[in-house]
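Q: Could you take me through one part of this structure slowly? I'd like a close look at a single sheet and whatever packs on it.

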Amino acid sequence: MAITLYETFRAVFYAPFYAALARGAFADEGLEVELRTAESLAVTAAGALGADADVSWGGPMRLLYAHDRDPASPLAGFCEVVTRDPFFIVGKTGIDGLAGLAGKRLGAVSEVPTPLLCLRQDLREAGIDVRAIALETGRTIAENVAAFRAGALDAIQVPEPWATLLTATGDARIVEAAAARGACSYTTLFTSRETIAARRDEMLAMTRAIFRTQTWLHGAEPAEAAAAIGPYFSDIDTGVLANAVTRYRSLGVWGKTPLLDPAGFDWLRKACLGGGLIARGASYEDCIDASVAHDAMQAIQGEETPS
């Protein structure tokens, strides 16, 4: 069974997907998965409804956005992988927490909308006026890193491996780990409900592969996990990757099951509403088909139950 899978872009926090591919977890389920990188974020959603891809991974934010624009949208998520926010605020030493960003120059992520939407919600909930921060939104992550190193920014919003690389010398610190807020649905496999129905066995097989990989990833040595995903990150030292794995795992960024947490979905929906991305806020049931994860988990747990 062949499946074309779209990735949003290459990122360490998507490690469970790469580990599943590298370790043959999909092949073990009888699937031939071809990974493609989408040309843009919009393409991932469109691709899952067209001929370019069968399944995409991405944020449930895209599902909320699609259902806000069209309540009859057929898109549905079915297998969560990143269950907490994988971004960090890295700043100069002396900046203490989000409140310490007041009056500082902060470079925010521009490539994708979810990190900044979530940061703005964190600031609202902390009672911090974003207008007190000199927020700069026009640079890419790499450009922000260069500006931070050059002293043009006081703090930046980054994922791993940048958190590890920037703090390694001691002249920068993690001001805030967004994952510390708790559940926030960040990345799921999604496709159309028609595909889920017509190709349910394949969607179940994909989800079983992810579930087995999640179990492995939470038990593997960081160096072993880094070696598995290393071919997808040839420009990153394996020791840095191992540190990133350790940090993400300790923060609970990667779920232990493929079942998307309703509480995490609700927090993300609140951030999208508060940030003005959506006006209505579709329900969990509108956007998520939880039956796939339930059935996949039940099948694997049934294998492990002694007869």
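A: Let's start with one pair of strands. Strand E6 (residues 105-107) runs parallel to E7, and three bridges link the two. (Helices, H or I with at least four residues, and strands, E with at least two, are DSSP runs numbered from the N terminus; two strands pair if DSSP finds at least two bridges between them.) For one of those partnerships, look at Arg 105, whose bridge partner in E7 is Ala 134.

Before we zoom out, a word on the source: this is a predicted model, where local features need pLDDT of at least 70, side-chain atom pairs count only at pLDDT 80 or more, and totals for chains, interfaces and linings use all residues. Residues are numbered from 1 along each chain as its sequence is written, and side-chain values use heavy atoms, with hydrogens and water left out.

Now the whole sheet. It's an open one with five strands, in the order E7-E6-E8-E5-E9, and the pairing is mixed. Strand E7 (134-136) and strand E9 (172-177) sit at the edges with a single partner strand each, so each has one side without a neighbour in the sheet. On average, neighbouring strands are turned by 25° against each other, direction ignored. (Axes are lines fitted to C-alpha atoms, for helices over the stretch in contact, and angles run from 0 to 180 degrees between N-to-C directions.)

What packs on this sheet? Helix H6 (residues 141-149) does, touching strand E5 (88-92), E6, strand E8 (155-158) and E9, where contact means heavy atoms within 4.5 Å. The direction of H6 makes about 155° with that of E8.
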